[in-house]
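Please look at the sequence and the three-dimensional structure together, and keep both at hand while you read. The report below goes from helices to a sheet and then to a few single residues.

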Amino acid sequence: MSIKVENVTKIYGKQKALNNVSFEIKTGEIAGFIGPNGAGKSTIMKIITGFLPQTDGNVFINDKNILDNNIKIRQLIGYLPEHNPLYLDMYIREYLKYTAGFYLPAKEIKPAVEKMISLTGLEKEQNKLIGSLSKGYRQRVGLAQALIHNPEILILDEPTTGLDPNQIIEIRNLIVEIGKNKTIMLSTHIMQEVEAICDKIIIINKGEIVADNSAKQIISESADKDNVILIEFGNPLEKNILLEQKYIKEIKYIENNKWLIKSSIKEDIRQHLFDFAVKHNNSVLTMQKQEKNLEDLFKELTQ
């Protein structure tokens with residue numbers, strides 16, 4: 001089941017939280033939605049789930065406009081908000097039965113609860129009060145309630161916030177397992193998480209989409225724009241001599257005759273730099289092309 005966001009704008013008073021946002025998540029994809037705090041991630045998620053109306057634009061779930069089919073579409077979506085609003089004085093099983101009652105006929109509630117307890121690994125904790133659970137198990141309960149009606153789309157807003165490394169891995173693996181049969185959109189600040197489990201990445205900054213592709217493609221496109229070389233010369237040289245080379249856009253001295261050089265051309269400049277060293281009676285001790293990662297790109301696009 002696909003998600004299509006088309007020219008969506010959201011205005012709160014005089015503040016524009018979203019500005020003409022468009023993207024598409026295809027059936028079966030896991031899409032990572034990343035951006036700085038206040039960029040508009042939670043706002044667009046609330047609009048997609050039908051909890052918040054947009055000011056302008058359209059959202060389609062499987063080609064059906066959410067404004068025209070709000071109730072029916074909500075039944076197709078499982079939603080885990082950022083601050084996981086659980087009833088802490090209820091027991092796990094009691095809470096899941098309660099939430100299942102909003103979606104399912106009475107005869108389907110008990111098997112659905114049993115399935116979710118098993119799927120989310122809550123067997124050992126199933127008879128405990130939610131308030132007595134660790135943050136990791138509370139997130140599992142939140143996922144269980146989002147999945148209780150077997151939705152075709154899952155929207156997860158910061159599902160691993162506040163978890164320890166082991167809990168993050170557990171929840172990540174659970175999302176991957178669930179994602180085999182569902183379309184998933186998740187927001188997170190953990191770049192490794194996005195690269196590990198997401199088929200595509202959507203980066204939002206100040207209410208606008210600044211990147212939308214696979215992690216590999218986004219990084220590749222950025223690398224083509226900025227060809228950066230770390231080079232260590234055998235002997236000192238003057239900065240102005242380097243800057244005289246037309247293929248050099250920008251340089252930065254590191255230490256011990258090491259320079260970080262940004263190219264002004266698309267082609268690999270390592271041969272040019274080697275020829276430069278020979279011409280100036282110098283030598284090259286090391287030379288390495290600097291590869292970007294998603295974190296580097298995120299900083300560039302959102303600063």
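Which residues in helix 3 meet which residues in helix 5? In this predicted model, Ile92, Tyr95, Leu96 and Thr99 of helix 3 meet Val141, Ala144 and Gln145 of helix 5.

## Helices side by side

Helix 3 covers residues 92-100, and where helix 3 packs with helix 5 the angle is about 25 degrees and the axes are 9 Å apart. Angles under 35 degrees count as roughly parallel, and helix 3 and helix 5 are therefore roughly parallel to each other. The crossing of these two helices, helix 3 and helix 5, is right-handed.

Helix 5 also packs with helix 6, here at an angle of about 15 degrees and with the axes 10 Å apart. That angle makes helix 5 roughly parallel to helix 6. Helix 5 passes helix 6 in a right-handed crossing. On the side of helix 5, the contact is made by Gly136, Gln139, Arg140, Leu143 and Leu147, while helix 6 contributes Gln167, Glu170, Ile171, Leu174 and Ile178.

The values for the two helix pairs can be set next to each other.

| Helix pair | Angle | Distance between axes |
|---|---|---|
| Helix 3 and helix 5 | about 25 degrees | 9 Å |
| Helix 5 and helix 6 | about 15 degrees | 10 Å |

## The sheet

In which order do the six strands of the open sheet stand? The order is 6-7-8-3-9-10, and the pairing in this open sheet is mixed. Strand 6 (77-80) and strand 10 (208-213) stand at the edges, and because each of them has a single partner strand, one side of each is left without a neighbour in the sheet. From one strand to the next, the twist averages 15 degrees.

It helps to follow the pairs of strands one at a time, beginning at the edge formed by strand 6. Strand 6 and strand 7 run parallel and are joined by four bridges, and within this pairing Gly78 has Leu154 of strand 7 as its bridge partner. Strand 7 and strand 8 also pair in the parallel sense, over five bridges, and here Leu154 stands opposite Ile184 in strand 8. Between these two strands, the chain crosses from strand 7 through helix 6 to strand 8, in a β-α-β crossover that is right-handed. Towards the other edge, strand 9 (residues 200-205) pairs with strand 10 in the antiparallel sense over five bridges, and the bridge partner of Ile204 in strand 10 is Ile209.

Two of the helices already described also meet the sheet. Helix 6 (residues 165-178) packs on the sheet and touches strand 3 (30-34), strand 7 and strand 8 (183-187), and its direction makes about 150 degrees with that of strand 8. Helix 5 (residues 135-147) lies across strand 6 and strand 7 (153-157), and helix 5 runs at about 160 degrees to strand 6.

Are the residues of strand 7 buried or exposed? Five of the five residues of strand 7 are buried, and this strand is mostly covered. In a regular strand, the side chains alternate between the two faces of the sheet. In strand 7 both faces are covered, with Ile153, Ile155 and Asp157 buried on one side and Leu154 and Leu156 buried on the other.

## Single residues

Lys46 has its place in helix 1 (residues 41-48). At 37% relative accessibility, Lys46 counts as partly exposed, a class that lies between buried, under 20%, and exposed, over 50%. Leaving aside residues up to four places away in sequence, Lys46 touches Phe51, Leu52 and Tyr79. Of these contacts, Tyr79 stands 33 residues from Lys46 in sequence, and the two are 9.0 Å apart in space, taken from C-alpha to C-alpha.

Two asparagines deserve a look for their backbone angle phi. Asn7 has a phi near 50 degrees, a positive value in a residue other than glycine, and Asn256 likewise has a positive phi, of about 45 degrees, although Asn256 is not a glycine. Where do the two residues lie? Asn7 is in strand 1 (residues 3-12), whereas Asn256 is in the loop between strand 12 (248-253) and strand 13 (258-263). Asn7 counts as partly exposed at 38% relative accessibility, and Asn256 is exposed, with a relative accessible area of 55%.

Definitions and conventions:
Residues are numbered from 1 along each chain as its sequence is written. This is a predicted model: local features need pLDDT of at least 70, side-chain atom pairs count only at pLDDT 80 or more; totals for chains, interfaces and linings use all residues. Side-chain values use heavy atoms; hydrogens and water are left out. Two strands pair if DSSP finds at least two bridges between them. Axes are lines fitted to C-alpha atoms, for helices over the stretch in contact, and angles run from 0 to 180 degrees between N-to-C directions. Contact means heavy atoms within 4.5 Å. Buried means under 20% relative accessible area, exposed over 50%, partly exposed in between (1.4 Å probe, protein chains only). A crossover is right-handed if, with the strands pointing away from the viewer, the path from the first strand over the helix to the second runs clockwise. Angles under 35 degrees count as roughly parallel, over 145 as roughly antiparallel, 65 to 115 as roughly perpendicular and the rest as oblique. A crossing is left-handed if the near helix is turned anticlockwise from the far one by less than a right angle, and right-handed if clockwise.
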